[in-house]
Amino acid sequence: MTYRLAPIDKSPFAAEREDDFTVIGSVVQRSDARGHVTGRTEFFEDVAPPGLLHLKMHRSARHHARIRGVDLTEALAVPGVVRILTHADIPNNLYTPLKLIGVEPDDEPILAVDKVRYLGEPICAVVAESEAAALEGAARVRVDYEDLPAVFDVEEALAEGAPLVNEYHGRNFFTYEGHHCRRIRFGDVEKAFGQADHVFEWRYESAPIEQAPTETTGCVVIPQADGRLRIHSDTQACFFTLDNTALILGVPFNKLRIVGGTVGGGFGGKVDVIVEPVACVAAMMTDRPVKFVYNRYEEMQVSSPRAAERIYIKDAVMNDGRIIGRKVTLYVDSGAYARHTPYGTTKAAAHMPGPYSIPNVWADCHCVFTNRTPSSAMRGFGVTIGDFALESQMDRVARALSMDPLQLRLLNAYRDGDLKAHRKVAEGTALVEVVQKAAEMVGHELPEAYRRMSSTTREGL
Amino acid sequence: MAKLRGRGYASVNYPTGMNLGGDPSQALIHSTTTGTFVITLSSVDLGQGIKTIAAQCAAETLGLPIENVLVDTADTDTGPHCMGTFASRGTHRVGNAVIMAAAEARGVMLEVAAEELEVDAADLETDGTGLIKLKGSDEKSIHITDLALAAHFKHGRTISGRGIFLKEPSTPVPETGEMDPDSCQAHACTAAFVEVDDETGVVEVLELYNVYEIGRALNPAMATQQVEGGAWMGLSHALFETTEPYYPRRDHGPRDFAEYLMPGPADIPVQHSLFLERPAGNGPYGAKGIGEMTANAPIPAIANAVFDACGVRLTAMPFTPERVLRGLDALRGNA
């Protein structure tokens, strides 16, 4: 077995560790590696029960429109089409992503009712004997739209007079316990701006990013002789999928069984429970196995991506490099529905002001609705784009002060015992040490005082 | 026209777990009659290696070779509850649950061994090869294969254990944002070395240096894969990827991998990685989550390196040749 192995430097926190292990800390071959590279691993699509039906969606061709009518006549005439599901067939036609942890309202129909709010929103599900027939049927569904004005920019969506994206919320933002955003209030940031030698404010933004798993999102649902449904899924969370699907179907939880656990990449894209409920309805209505799997277009343009964000950071900085105040205004583009974005926005708030001890912090993190594909979880949820903004900001501050960018970070880095902006006491910190080691690796010389700094002491501060 | 080189840094932290609604995972473990321990979970392996990590945690706790451990996941009819694989929680939550289950099973294993060997259970130890033996003695010992048979057929005991890890819910205070959202924080610093072609606007990342503090690398090869694979993803986010190239406009969205650009083999930089370990008190053998954070630091490190190379401050991702060229034009007064 050959493998890449980064060395471990055990010196920095040697006093805090024990190393009396036989298996922990050793290289053990990943248990599924051989199966993956030889093609022997079984994924959900390797389940091929007899009589399998295929489900394909007819999707919205508009960004924002009222549905005046849906004509299924031509689609039903396609040979092989067995059934076409509309919103009326779904027992509880609203997704329930965060309902079980008390976050509401539910705001997204499984199949569109009277409106579509983004391009690609599912309107009806065509179930057919073959994938080709399902695609042909989906292409022959006729929808009569009445276009509505759409909004795509987060700040335009919050402006007065913007088109309302999602009636379940009634406003173009998610409401956090009566507040229009998730807030962090720590110290007095305005006072810090008044005291600072310098005030720097810059803007950063990103565009949506696809999780791009090798295996696209999907499931195969097989009705069982005892009346239960066995769901083979590539979900990232089996019980979460089970619970949400049961709520939508209106069946007891123990009527469902999820079989999964071997997935070809998720990166957060398989946390939303989107494909299983409608596939289960189709299986129940036909009493036959049903497969619903996204093609690559659906995975990229319809399945929820990493949200675009727009972030303004305003810093109060002293001549010696100490940052004494940081004000962050962050907009997360949730798209047309909330999914997990309210949670990701809270995570973004908790991450501010980055791994630094700043005595005055103010953050407003907005979860904003626009007429685009709903965003949701992705690797680094709520943090990745924030880090782009924060660490670009640190570089700009250092350059504006003609200061070494690593020294600026070391000076402001959080240490054990510091109170973070969300009022949790920092422990187990190690930012100082990773910066020192990176400097050492690339031959970036640090003065003695900075080399002596530590996460466990106040030395050098 | 020239190829301009620059260096940029970024330092970050990342939370392990995120519990707004409470964050539990369970593990069950039992020995078959042949001394193989089966860990039963409902956790999902996305390719990140939770099955391997669970087996390592169980083997270490039981004091048995990893070959004696099997992982059975994920079937909601048989596996106990797991919240899922997200929020860099798998190793931390599932690892802790497995350790708790394995510790209970180890207790039973030692009790039965004590009966077999007619000694006190407190005087027994495991040697990691499959033997349970009297401390300091090579004469009084029993192999797990024999012990498991005896437990079932002679002593009527199940060698089994139950484990759960729960991070309790934390509700943010709406006015101030006070909350306890995570279990610990991992840390990283990246240095990126880039070359910018000032004629084409193409950015090439030449080298990435990554230092990660992750509590403990339970499996250092898999941790290395996370760092290097994540750095690739970060580079890809920085330079190539978006589903909406003209955001906030919705047009020109890619539909497949021919249109959705990602780095190819020739775009992959030389990577130098190093781990530091500051074991987390609440982590399994001190481990923190590394699953998500590895894509983060490379992005601003590359942005800062581009500025160092050519003076263009990129404030919108991704850093396409068009954006670099527009930045260069602005610097030259040609905007």
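Select Ile8(A) to begin: in this predicted model the residue is partly exposed, since 18 other C-beta atoms lie within 10 Å, a count that falls short of the 20 or more at which a residue is called buried. Ile8(A) belongs to strand S1 of chain A, and, once its neighbours within four places in sequence are set aside, the residues in contact with Ile8(A) are Ala217(B), Pro220(B), Phe275(B) and Glu277(B).

Now show the backbone of the two strands that meet here. Strand S1 of chain A, residues 8-9, pairs with S11(B) in the parallel sense over two bridges, and if you step along to Asp9(A) you will find that its bridge partner in S11(B) is Leu276(B).

Next, widen the selection to the whole contact between the chains, to which chain B gives 101 residues and chain A gives 102 residues. On the side of chain B that touches chain A, the elements giving two or more residues are the strands S1 (3-16), S9 (184-197), S10 (203-213) and S11 (270-276), together with the helices H1 (50-62), H4 (220-239) and H5 (298-310). Colouring that side of chain B by residue class shows 51 nonpolar, 30 polar and 20 charged residues.

Stay with chain B and colour by domain, taking residues 3-15 and 182-331 as domain 1 and residues 23-167 as domain 2. The centres of these two domains, taken over C-alpha atoms, lie 39 Å apart, and where the domains meet, 15 residues of domain 1 of chain B are in contact with 16 residues of domain 2 of chain B. The domain 1 side of that contact is made up of eight nonpolar, five polar and two charged residues.

Then pick out strand S8 of chain B, residues 160-167, and turn it so that both faces can be seen. Which residues lie on its covered face, and which on the uncovered one? Gly161(B), Gly163(B), Phe165(B) and Lys167(B) make up the covered face, whereas Ser160(B), Arg162(B), Ile164(B) and Leu166(B) make up the uncovered one. Side chains in a regular strand alternate between the two faces of the sheet. Add strand S2 of chain B, residues 23-31, which pairs with S8(B) in the antiparallel sense over eight bridges; within this pairing, Gln26(B) stands opposite Ile164(B).

Return to chain A and colour its domains as well: domain 1 takes in residues 53-147 and 212-302, while domain 2 takes in residues 182-207 and 305-451. Their C-alpha centres are separated by 38 Å, and the contact between them involves 17 residues from domain 1 of chain A and 16 residues from domain 2 of chain A. On the domain 1 side there are seven nonpolar, six polar and four charged residues.

A further selection in chain A comes from a record: an unreviewed UniProt entry annotates residues 38-149 as "domain: Aldehyde oxidase/xanthine dehydrogenase a/b hammerhead". This span is 12% helix and 30% strand, and its end C-alpha atoms lie 51 Å apart.

Finish at helix H7 of chain A, residues 275-286, whose 12 residues reach 17 Å from the first C-alpha to the last, close to the expected 16 Å. Nine of the 12 residues are buried, so H7(A) is largely enclosed by the rest of the structure. The buried residues are Val275(A), Glu276(A), Pro277(A), Val278(A), Ala279(A), Cys280(A), Val281(A), Ala282(A) and Ala283(A). Just after the helix, select Asp287(A), where the backbone takes a positive phi of about 50°.

Methods:
Residues numbered from 1 in each chain as written. Chains lettered and ligands numbered in written order. Predicted model: local features only at pLDDT ≥ 70, side-chain atom pairs only at ≥ 80, totals over all residues. Helix = DSSP H or I, 4+ residues; strand = E, 2+ residues; numbered from the N terminus. Pairing = 2+ DSSP bridges. Contact = placed C-beta atoms within 7 Å. Nonpolar A, V, L, I, M, F, W, Y, C, P; charged D, E, K, R; others polar. Domains from an automatic or database assignment. Expected span 1.5 Å × (residues − 1). UniProt positions renumbered as here; feature names shortened; annotations may be inferred.
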